Amino acid sequence: MTISPYELLLYAGALTILFMTPGPVWVALTARALSGGFQAAWPVALGVVVGDIIWPFLAILGVTWVVSVFAGFMAVLRWVACITFLTMGGLIIRNADKTIAADSRLTRPGMWAGFLAGLAVILGNPKAILFYMGMLPGFFDLTALTWADMAAICFLSFLIPLLGNLALALFIGRARGFLTSPTALRRTNLVAGFLLIGVGLVIPFT
């Protein structure tokens with residue numbers, strides 16, 4: 001490896017700051033955890049992992065060329081993410097009065113949907129794009145990296161956000177367990193639904 005442990009430590013600190021800055025991923029995790037608990041939210045964190053590996057890898061290999069080639073694909077992906085969040089938010093609001101047991105769509109089919117939502121929101125997240133494409137070259141000399149260096153960078157890039165996202169989802173999922181009354185459940189579902197719709201409306205313009 002050509003990069004030092006100190007450089008990796010600085011990069012890990014930057015990743016921690018990136019995670020602590022609220023953004024679309026936080027909103028998506030919060031909405032899913034409020035609507036279906038930790039079970040509905042953890043697939044979002046796994047979807048985010050894929051993006052957190054792709055962005056630094058593309059930055060290392062030459063982001064300018066890749067983005068110019070796949071610019072149309074990214075535009076399509078944003079609209080897919082938009083439709084996904086609008087649909088999920090609408091379904092939650094429509095079923096705001098139902099318990100989770102009465103509406104298993106919020107949990108059962110939501111695993112794959114949650115994964116895709118996490119992937120879409122991280123690929124369309126301007127904060128992640130700005131960080132990995134703009135800031136990563138400031139931490140390392142990308143022209144001198146070995147495959148071991150790239151593996152270490154990608155490993156940190158997904159590990160730190162993954163642990164943070166899972167902790168956030170677990171915390172919100174546990175707090176949701178205290179909401180037992182029908183009135184509180186309805187309010188929770190309405191908040192979750194509008195949060196998802198908010199993400200869907202913002203994505204096309206970011």
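Is phenylalanine 155 to be counted as buried, exposed or partly exposed? In this predicted model, phenylalanine 155 has a relative accessibility of 43% and therefore counts as partly exposed, since that class lies between the limits of 20% for buried and 50% for exposed residues.

Phenylalanine 155 also takes part in an aromatic pair, of which the structure holds one. The ring centres of phenylalanine 155 and phenylalanine 158 lie 5.5 Å apart with the planes at 90°, so the arrangement is edge-to-face, the angle being over the 60 degrees that this class requires. Both phenylalanine 155 and phenylalanine 158 belong to helix H7, where a spacing of three residues separates them by about one helical turn.

Helix H7, which comprises residues 147-176, also contains aspartate 149. With a relative accessible area of 0%, aspartate 149 is buried, and its side chain makes a polar contact of 2.5 Å with the side chain of threonine 2. The side chain of aspartate 149 further reaches the backbone nitrogen of isoleucine 3, at 3.5 Å. When residues up to four places away in sequence are not counted, aspartate 149 touches Met1, Thr2, Ile3 and Ala144.

A nonpolar patch on the surface is formed by Tyr6, Leu9 and Leu10, which together present about 350 Å² of accessible area. Of these residues, leucine 10 is placed in helix H1, spanning residues 5-20, and is partly exposed, with a relative accessible area of 43%.

Notes:
Residues numbered from 1 in each chain as written. Predicted model: local features only at pLDDT ≥ 70, side-chain atom pairs only at ≥ 80, totals over all residues. Heavy atoms only, no water. Patch = residues over 30% accessible without salt bridge, like charges linked within 9 Å, V, L, I, M, F, W, Y side chains within 5 Å. Areas by Shrake-Rupley, 256 points an atom, 1.4 Å probe, with all protein chains shown as cover. Salt bridge = Lys/Arg side-chain N within 4 Å of Asp/Glu carboxyl O. Helix = DSSP H or I, 4+ residues; strand = E, 2+ residues; numbered from the N terminus. Buried < 20%, exposed > 50% of the residue type's maximum accessible area, 1.4 Å probe, protein only. Polar contact = N/O pair within 3.5 Å; in protein donor to acceptor, adjacent residues only side chain to side chain. Contact = heavy atoms within 4.5 Å. Phe/Tyr/Trp six-rings, centres within 6.5 Å; stacked < 30°, edge-to-face > 60°.
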